[in-house]
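These are my notebook entries on a protein with a bound ligand. I set out to look up the ligand's surroundings and then the nonpolar core.

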Amino acid sequence: MKISILGCGYVGLVTGACLAEIGHTVVCTDNDESKIRTLQSGGMPIYEPHLDQIVARNVAANRLSFTANLGDAVRAGDAVFICVGTPPLPDGDADLSSIDSAARLIAVESKSSKLVVEKSTVPMQTGQKLTRVLAIYGRNSGCTFSVASNPEFLREGTSVHDFLHPDRIVIGVADEQSEAQLREIYRPILSQDFSLCPIHDGNCPARTAPSLLVTSINSAELIKHACNSFLAVKISYSNLIADICERMGADVNEVVNAMGLDPRIGPAFLRPGLGFGGFCLPKDIQAFIRLGEKAGVDVSLLRDAEKINKRRIDHFLAKAAHCLWTLKDKRIGILGLAFKPNTDDIRFAPALEIINHLLREHAQVRVFDPQAMEKTKAVFPTIQYCADPYEVADGCEALMIATEWESFKELDWQRIRESMLRPLVLDGRNLLNGEDMLAMGFEYQAVGLPSSDLGGIKPRPAGVPNFASA
Ligand code: UDX
């Protein structure tokens with residue numbers, strides 16, 4: 001099928017590239033011409049594992065193209081996927097102006113009837129508004145527009161895999177033809193019979209057919225918000241448990257590991273730390289709160305989850321202050337800038353708030369991230385960007401871990417300890433093994449560990465097994 005993608009952000013680019021990968025002919029566009037120029041010249045505006053390979057292969061096969069001409073892009077598709085941003089407004093509501101513009105563009109530029117698919121995360125009833133805008137602005141086009149909701153469940157860092165091997169595909173439709181078109185679009189994924197799995201060189205172990213859920217448009221929109229808000233609540237719950245562990249003397253890693261083994265709970269999204277960041281969970285929970293308030297529903301559960309999340313960084317910085325007393329002129333290193341590993345995305349990343357605070361306190365800040373340095377330079381041009389974690393640690397009085405990149409685990413921590421002025425590690429993600437760190441001579445502070453000293457780990461008494469071997 002011929003498909004148009006409006007918006008070349010994380011969602012649009014992954015959707016467009018993967019739809020081309022499974023055999024469709026896809027044209028992508030974006031308001032930001034520089035992004036299109038980058039893509040046209042073989043560059044990538046974002047880092048997302050495997051995406052560059054898929055884009056290159058499908059461009060070469062003439063299934064994927066990019067144009068800055070919005071009208072051309074709209075006209076190219078039988079189905080148009082709206083993948084534009086829906087950032088938060090100051091009151092927490094989602095800003096839907098880009099969705100509105102996209103709908104008007106489709107209505108005005110179309111020369112044939114189209115299926116218009118909402119891929120962006122939007123509040124419930126946006127589909128109804130979209131239908132109305134298309135009807136009003138497209139009244140002289142001679143075209144008919146049907147609207148569908150097809151929420152994405154892509155996690156940055158694994159989004160190519162998530163797109164090609166999803167657990168479920170949700171399509172919210174108002175008519176049978178839209179359902180048939182979306183079934184046709186997703187047929188190769190539903191049957192997992194696309195020729196090459198780009199991630200596993202054709203031998204993907206995860207080829208389980210996903211469920212297809214056909215719902216109303218309102219339900220599909222709600223499913224997305226309900227999922228993301230639930231995940232946010234789950235993370236905040238683990239952070240609440242972490243606080244109790246710190247104050248009452250238990251190890252949150254042991255507690256959440258045991259919780260996760262209960263199949264009713266499951267292990268995912270129970271990792272405590274600096275809280276949830278990124279461009280989805282924080283804004284989606286806010287938008288969902290606003291929606292619930294407007295509907296007259298008591299959303300205090302969600303508000304509390306958000307409140308717990310906002311306090312995570314204060315709590316972490318309080319630990320730093322407790323250990324370091326004053327920060328002025330102290331050299332502090334930060335490992336990790338992205339809001340989570342395997343991405344270069346720094347939107348709503350805890351590291352940014354930490355840097356802001358350190359700069360306000362006049363600390364000397366040195367940082368390293370495997371992917372997110374370029375994006376961070378645009379926000380903080382004056383801090384010290386280092387070539388690797390060893391350069392960060394050199395002469396530091398504290399090293400803070402703000403993103404749990406796996407590569408940080410493999411560092412030569414002995415070498416790091418020797419190069420630090422004071423061997424203090426504040427692990428905001430519980431990435432490292434506290435006992436190993438203590439054995440190496442570090443002062444080690446993490447999240448939710450048993451100590452009267454604000455989450456600092458105590459050596460386990462001899463003869464007491466650690467959790468892994470218990
Ligand atoms: C999320 C949803 O998972 C995805 O389905 C949706 O389509 C978009 O939003 P993403 O924003 O890429 O995806 O990140 P995710 O992996 O969900 O993590 C969100 C945040 O929660 C990160 O800051 C992460 O560090 C944090 N997190 C996650 C925790 O603090 N603890 C956990 O246990 C899991």
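Entry 1, terms. Domain bounds, as I use them here, come from an automatic or database domain assignment. I also note that the model is predicted.

Entry 2, location of the ligand. I asked why the ligand lies between domain 1 and domain 2. Domain 1 (2-215) and domain 2 (260-469) both give residues to the shell around the ligand, so the ligand lies between them.

Entry 3, the shell. I found 20 residues surrounding the ligand. The closest are Glu152, Glu156, Arg271, Gly277 and Lys340. By class, the shell holds ten nonpolar, seven charged and three polar residues. I then looked up which helix gives the most to this shell. Helix H9, residues 217-248, does so with four residues.

Entry 4, polar contacts and cover. I looked up three contacts made by oxygen atoms of the ligand. A polar backbone atom of glutamate 156 is 2.7 Å from a ligand oxygen. For phenylalanine 339, a polar backbone atom is 3.3 Å from an oxygen atom of the ligand. Lysine 224 instead offers a polar side-chain atom, which lies 3.3 Å from a ligand oxygen. On its own the ligand has 670 Å² of accessible area, and the protein covers 95% of that area.

Entry 5, the nonpolar core. I recorded 56 residues in the largest nonpolar core. Ile354 and Trp413 touch the most other members. Several elements each supply at least two residues of this core, among them helix H13 (350-360), helix H17 (413-419) and strand E9 (331-335). The largest share, six residues, comes from H12.

Methods: Residues are numbered from 1 along each chain as its sequence is written. This is a predicted model: local features need pLDDT of at least 70, side-chain atom pairs count only at pLDDT 80 or more; totals for chains, interfaces and linings use all residues. Side-chain values use heavy atoms; hydrogens and water are left out. A residue is near a molecule or strand if one of its heavy atoms lies within 4 Å of it. A polar contact is a pair of N or O atoms within 3.5 Å; within protein, one must be able to donate a hydrogen and the other to accept it, and residues adjacent in sequence count only if both atoms are side-chain atoms. Accessible areas come from the Shrake-Rupley method with a 1.4 Å probe; for residues, only the protein chains shown count as cover. Ala, Val, Leu, Ile, Met, Phe, Trp, Tyr, Cys and Pro count as nonpolar, Asp, Glu, Lys and Arg as charged, and the others, Gly among them, as polar. A nonpolar core is a set of buried Ala, Val, Leu, Ile, Met, Phe, Trp, Tyr and Cys residues joined through side-chain atoms within 4.5 Å. Buried means under 20% relative accessible area, exposed over 50%, partly exposed in between (1.4 Å probe, protein chains only).
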